Amino acid sequence: MSNFVLIPGMCHGGWCFQELTGELRAQGHAVYPLTLTGLSERSHLLHGGVNLDTHIQDVTSVLATENIQDAVLVGHSYGGMVITGVADREPERVDALVYLDAMVPGPGDSSWTLVSDQERRWYMDVVETGYAVRPLPFFDPRATPHPLASLLQPLQLTGDLAHIRRRDYVYAAKWDGQSPFTPLYRRLREDPSWRTYALDSGHNLMRDVPQDLLKILLQVVDPADGEEWDNHDDALMPHPTEHH
């Protein structure tokens, strides 16, 4: 049995992993789909001071309280910022990192610095209080405003992630328009310390291709489990690809 901790992207809660959570639990794994402070069912906790450190502490507190060891941290989009910070702060509790079309920050990076001007324009569409960014119109009806300070705060890291057993990146190859993650994906697929995949999906991988994600996550904890992926050189193949 493995311990999966699932971190959503902007404006979403743990509910976005519902199907994936059920499938992993049916396989006998412990799964913790988390909602970060100030969002979804925790939106009543939103205030101007909710930042990236708050969200990292959300996760480290769960790891400690639940006494989770060998955690597989899975972060979608903004969640990549969070799982990177958690792995830096709690290295003895983290076994693997899985980034789902997500940011992979280095020291001093913020969500603001890692996206394009298109996303920055969205970040500036804040609610009346100025504390949070409005969900985009096509988001799930359950989406709620996202704490702005969490997008602006630079991530402080004490070292690299070389201690992590395995790092996987899952790229969504079917964005409606230009993906801000394409340069990152192309860089990581040439890095032998990463396993990379391109899926025929929009940014919401959990909704569009949950079965493909399930296969990848099962392989993260047991390479002999699930189906093997074919190797391809084309980053935009219309089916899953693995490199390295």
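Helix α7 gives the most to the lining of the second largest pocket, with four residues. Helices here are DSSP runs of H or I with at least four residues, strands are runs of E with at least two, and both are numbered from the N terminus. The model is predicted, so local features need pLDDT of at least 70 and side-chain atom pairs count only at pLDDT 80 or more, while totals for chains, interfaces and linings use all residues. Residues are numbered from 1 along each chain as its sequence is written, and side-chain values use heavy atoms, with hydrogens and water left out.

To stay with this pocket for a moment, about 360 Å³ of space lies in it, the second largest of the structure. A pocket is found on a 1 Å grid over the protein atoms alone, as an open set of points where a 1.4 Å probe fits, with protein on both sides within 12 Å along at least five of seven lines; its lining residues have an atom within 4 Å of a point. Grid points are joined across faces, edges and corners, and the volume is the space filled by probe spheres set on the points. The second largest pocket has 20 lining residues, and those nearest its centre are V104, P105, G106, L184 and R187. Sorted by class, this lining holds 13 nonpolar, three polar and four charged residues. In this sorting, Ala, Val, Leu, Ile, Met, Phe, Trp, Tyr, Cys and Pro count as nonpolar, Asp, Glu, Lys and Arg as charged, and the others, Gly among them, as polar.

The largest pocket holds about 920 Å³ of space. Its lining is made up of 36 residues, with H12, F138, F139, H203 and N204 the closest to the centre. Helices α1 (18–26), α5 and α8 (205–208) each supply at least two residues of this lining, and α5 gives the most, with four. The classes here are 17 nonpolar, 11 polar and eight charged residues.

Now for the interior. The largest nonpolar core has 47 residues, and V5, V59, V82, L97, Y99 and Y169 have the most contacts inside it. Such a core is a set of buried Ala, Val, Leu, Ile, Met, Phe, Trp, Tyr and Cys residues joined through side-chain atoms within 4.5 Å. Buried means under 20% relative accessible area, exposed means over 50%, and partly exposed lies in between, with a 1.4 Å probe and protein chains only. Among the elements that give two or more residues to the largest core are β1 (3–7), α2 (52–65), α3 (79–89) and β7 (166–172). The largest share, five residues, comes from α3. A second, separate core has 26 residues, including F4, L6, L218 and V220.

Helix α3 is mostly covered, as 10 of its 11 residues are buried. Among the buried ones are G79, V82, V86 and D88. The cover over the buried residues of α3 includes β1, α2, β3, β4 and α4. V59 offers a closer view: beyond its neighbours within four places in sequence, V59 is in contact (heavy atoms within 4.5 Å) with V5, I7, L34, L36, V82 and V86.

Aromatic rings come next. The whole structure contains seven aromatic pairs, where rings of Phe, Tyr and Trp (its six-membered ring) pair if their centres lie within 6.5 Å; planes under 30 degrees apart count as stacked, over 60 as edge-to-face and the rest as tilted. The ring centres of W112 and Y123 are 6.2 Å apart and their planes stand at 45°, so this pair is tilted. W112 belongs to helix α4 (residues 111–114) and Y123 to helix α5, 11 residues apart, and the pair links distant parts of the chain. W112 is partly exposed, at 28% relative accessibility, whereas Y123 is buried, at 1%. Y123 also forms a tilted pair with W122, at 5.8 Å centre to centre and 55° between the planes. W122 counts as buried because its relative accessibility is 15%. W112, W122, Y123, F138 and F139 form one aromatic cluster.

Two loop residues complete the picture. S40, in the loop between β2 (30–33) and α2, has a positive phi of about 50° although it is not a glycine. D101, in the loop between β4 and α4, likewise has a positive phi, near 45°, and is not a glycine. S40 is buried at 12% relative accessibility, and D101 is buried at 0%.
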